[in-house]
Number of protein chains: 2
Amino acid sequence: MSIITIKQIARDLGLSIATISKALRDGHDIGEETKKRVRAYALSVNYTPNPYASSLRKRKSKTIAVVLPEVTDSFFSKAINGIEVVAQMKGYHVLIYLSHESLLREQSILKDFQSGRVDGVLMSITTETECNSHIQELHARGIPIVFFDRVCNEIDTAKITTNDFESGYAVTSHLLESGCNKIGFLTISNCLPICMKRSAGYKKALIDHHMESKESDMILCSNNEEENYTLIKKILSQKKRPNGIIASVEKLSTTIYQVCKDIGLQIPNDIKVVCFSNQSTAAILNPSLTTVTQPAFEMGKTAAALLFKALEKTNLDLTKESVIIPSTLHIRESSVLAGISKTKNKLLQKEILIS
Amino acid sequence: MSIITIKQIARDLGLSIATISKALRDGHDIGEETKKRVRAYALSVNYTPNPYASSLRKRKSKTIAVVLPEVTDSFFSKAINGIEVVAQMKGYHVLIYLSHESLLREQSILKDFQSGRVDGVLMSITTETECNSHIQELHARGIPIVFFDRVCNEIDTAKITTNDFESGYAVTSHLLESGCNKIGFLTISNCLPICMKRSAGYKKALIDHHMESKESDMILCSNNEEENYTLIKKILSQKKRPNGIIASVEKLSTTIYQVCKDIGLQIPNDIKVVCFSNQSTAAILNPSLTTVTQPAFEMGKTAAALLFKALEKTNLDLTKESVIIPSTLHIRESSVLAGISKTKNKLLQKEILIS
DNA sequence: CTGAAAGCGCTAACAA
DNA sequence: TTGTTAGCGCTTTCAG
């Protein structure tokens with residue numbers, strides 16, 4: 001069974017190539033009879049149009065790119081899920097690219113998009129992305145870009161985010177109200193808007209509670225697990241160690257718990273822990289982990305839906321389409337007041353939509 | 001800045017289109033001088049070849065598809081990671097498709113590949129994929145397919161798996177040695193090879209330990225979390241409930257822990273739990289979870305590497321290239337012998353490469 | 001070593 | 001309503 005093309009169908013049916021093409025995509029100037037005949041035949045020979053020929057001709061690929069730092073993080077995998085659901089519904093194909101937190105990779109990935117490979121781009125930038133000329137350049141070419149979560153402020157386009165400032169504020173207030181008076185904030189970047197907003201919320205909460213906000217309580221983690229382990233261990237072993245800790249990345253929770261176990265710190269008695277995380281296991285950790293859960297699936301879905309809307313109606317101004325979807329604070333055992341019995345704690349556990 | 005093509009460069013440089021094309025891809029019958037001049041100019045005008053024109057002409061897309069049931073499972077996200085790393089190295093692009101455990105979706109996804117959109121396919125089938133004519137058909141078209149993890153036995157091509165039988169055997173033996181005498185096996189399909197192999201290992205271990213293997217101990221879970229919760233709760237609430245449980249899917253661990261918490265069963269005293277899982281949080285669960293960890297990243301990487309090899313040398317016979325990469329048994333608190341003190345348990349904890 | 005020409009499979013004017 | 005024609009941008013013989 002050799003590959004079957006429009007030309008072949010035309011020959012078989014004694015019609016012209018153009019007629020087949022139009023009939024197949026329901027062009028309104030083709031006779032019903034012919035349409036039926038063509039469709040039936042195409043189906044019978046299992047015809048599938050060559051997407052690349054079509055892309056070349058139409059200058060549209062029906063393909064989008066998703067550029068992410070990584071996939072092994074519940075936030076991103078759930079976001080991909082959301083993106084894929086919409087894409088499949090809309091008949092788009094999704095190319096996935098991982099930057100692995102490397103600016104260099106991100107640059108070379110975006111460079112390729114200049115070729116017209118994709119109609120639009122969904123992206124979350126790396127921790128290294130301070131310079132953004134590569135994004136700027138792509139944007140200037142007229143390729144629609146929608147950022148989600150890790151946005152790039154300098155690019156004037158739609159951004160799908162969650163309420164990071166409020167989340168940072170809420171979670172810090174919660175720790176303060178649970179009795180913490182020295183809260184460490186683990187971040188992964190000093191310039192990612194997402195990190196800056198969360199830490200701004202953290203600082204504001206401290207101020208509002210008449211606490212000092214020290215630079216030394218801001219801890220910059222790396223992309224290397226062992227380095228982070230060592231760093232966190234050092235900090236939690238200090239004499240004046242924090243009695244509360246906020247982790248702004250999911251995977252740090254494992255490291256923190258591990259360190260506490262290894263140096264004999266009891267959560268939440270010795271130290272309270274909260275984490276920005278989408279892990280479904282948060283509730284069954286030892287102790288269960290208080291989290292700020294981002295609406296990952298929703299964010300992916302919204303970003304994708306918006307991008308497709310932009311691709312379908314050219315008059316849509318992405319500049320004015322940013323969306324903020326609130327996160328949820330799940331209060332669990334890792335951050336509750338000391339001295340409250342387990343049963344009481346259960347009552348304290350709650351789920352708060354951050355506003 | 002309008003899109004720059006080979007034709008444009010040819011005009012600008014006063015050369016022919018063919019010369020430019022050849023010069024850019026280092027055709028050996030072009031003068032060094034010309035090559036340099038062309039390259040330099042192409043770089044200066046930021047030329048990026050149109051991939052679709054090239055694909056159309058060469059009948060090669062430099063693109064592969066990855067078809068998975070879902071992404072929000074550590075196994076699959078790590079596998080994607082492995083795949084992407086190799087793809088990026090080899091200059092391939094990866095299209096991602098989620099079947100969401102639906103055979104219908106899987107069929108329509110594969111149908112599209114008949115078009116020549118992708119040069120090859122990496123896939124893990126759905127729990128519903130009993131009939132496989134859609135895969136057969138694609139395979140017959142000569143599109144190389146490499147299965148990983150959830151393979152389809154009926155298709156004669158390369159399969160990258162882990163030692164599922166041995167894993168099932170090892171984990172069951174471990175539970176028996178920890179004192180269990182009634183072990184429930186949670187599965188997600190009665191026909192997925194991966195499930196059948198694991199359960200075969202489970203049954204063999206029971207027999208070798210002179211235990212009865214009852215069909216009623218095999219529990220078929222669904223894709224719906226609430227249904228699973230209800231089902232597991234029912235089973236663990238029975239008078240003759242199991243005192244050991246093996247979950248063959250990562251996400252079931254959360255459900256099991258939740259059920260135990262809700263009905264007051266203590267792990268591991270009342271019931272021991274083990275799970276096939278790649279979750280990094282396994283070690284910090286309450287109690288820490290014994291797992292069989294599949295080499296997810298390696299499997300993805302191997303599958304991708306193999307596919308690219310097949311794409312590069314047409315004489316490679318995928319039929320003979322299957323690989324089995326062993327899993328690891330991580331023994332943790334959730335499955336240890338009752339009556340052993342916490343400190344002792346620590347010594348018991350170990351990591352065993354299953355063979 | 002370079003160029004002319006044909007064509008990958010499809011679409012979109014424009015004719016008939 | 002259908003057919004003719006001219007490409008989309010690139011690769012690849014085959015001549016020069």
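## Exercises on a two-chain model with DNA

Around DNA strand D there are 27 residues, and the closest are Ala18(A), Gly31(A), Ile6(B), Ala18(B) and Ala53(B); a residue is near a strand if its C-beta atom, placed from the backbone, lies within 6 Å of it. Keep in mind that this is a predicted model, where local features need pLDDT of at least 70, side-chain atom pairs count only at pLDDT 80 or more, and totals for chains, interfaces and linings use all residues. Residues are numbered from 1 along each chain as its sequence is written, while chains are lettered from A and ligands numbered from 1 in the order in which they are written.

### Exercise 1

Work out which elements give two or more residues to the surface near DNA strand D.

Step one: on chain A, pick out helix H2 (17-24) and helix H4 (51-58). On chain B, add helix H1 (6-13), helix H2 (17-24) and helix H4 (51-58). (Helices, H or I of at least four residues, and strands, E of at least two, are DSSP runs numbered from the N terminus.)

Step two: find the top contributor, which is H4(B) with five residues.

Step three: sort by class. You get twelve nonpolar, eight polar and seven charged residues. Here Ala, Val, Leu, Ile, Met, Phe, Trp, Tyr, Cys and Pro count as nonpolar, Asp, Glu, Lys and Arg as charged, and the others, Gly among them, as polar.

### Exercise 2

Now do it again for DNA strand C, and say which residues are the closest.

Step one: 26 residues surround strand C, with Ile6(A), Ala18(A), Ala53(A), Ser16(B) and Ala18(B) the closest.

Step two: at least two residues each come from helix H1 (6-13), H2 and H4 of chain A, together with H2 and H4 of chain B. This time H4(A) gives the most, with five residues.

Step three: the classes come out as twelve nonpolar, eight polar and six charged.

### Exercise 3

Find the rotation that superposes chain A on chain B.

Step one: a turn of 180 degrees does it, with 0.0 Å of shift along the axis and an RMSD of 0.0 Å. The fit is by least squares on the C-alpha atoms of residues with pLDDT of at least 70 in both copies.

Step two: the two copies are therefore related as by a two-fold rotation axis.

Step three: check the contact residues. Of those in chain A, 100% recur in chain B, so to speak the same surface serving both copies.

### Exercise 4

Describe the side of chain A that touches chain B.

Step one: 39 residues of chain A are in contact with 39 residues of chain B, contact being C-beta atoms, placed from the backbone, within 7 Å.

Step two: two or more residues apiece come from H4, helix H5 (74-90), strand E2 (93-98) and helix H11 (252-263) of chain A. H5(A) has the largest share, six residues.

Step three: by class, this side has 15 nonpolar, 19 polar and five charged residues.

### Exercise 5

Sort out which residues of H4(A) are buried and which are exposed.

Step one: Pro51(A), Tyr52(A), Ser55(A) and Leu56(A) are the buried ones. (Buried takes 20 or more other C-beta atoms within 10 Å of a residue's own, exposed 12 or fewer, and partly exposed is in between, with C-beta atoms placed from the backbone.)

Step two: these buried residues cover an arc of only 135 degrees around the axis, which puts them on the same side of H4(A). The arc is that of the directions from the helix axis to the C-beta atoms.

Step three: Arg57(A) and Lys58(A) are exposed on the other side of H4(A).

Step four: the cover over the buried residues of H4(A) includes H4 of chain B. Just past H4(A), Arg59(A) has a positive phi of about 55 degrees.

### Exercise 6

Decide whether Leu24(A) is buried, exposed or partly exposed, and find its contacts.

Step one: place Leu24(A) in helix H2 of chain A.

Step two: count the other C-beta atoms within 10 Å; there are 17, so Leu24(A) is partly exposed.

Step three: setting aside neighbours within four places in sequence, Leu24(A) is in contact with Val38(A) and Ala42(A).

Methods
Contact = placed C-beta atoms within 7 Å.
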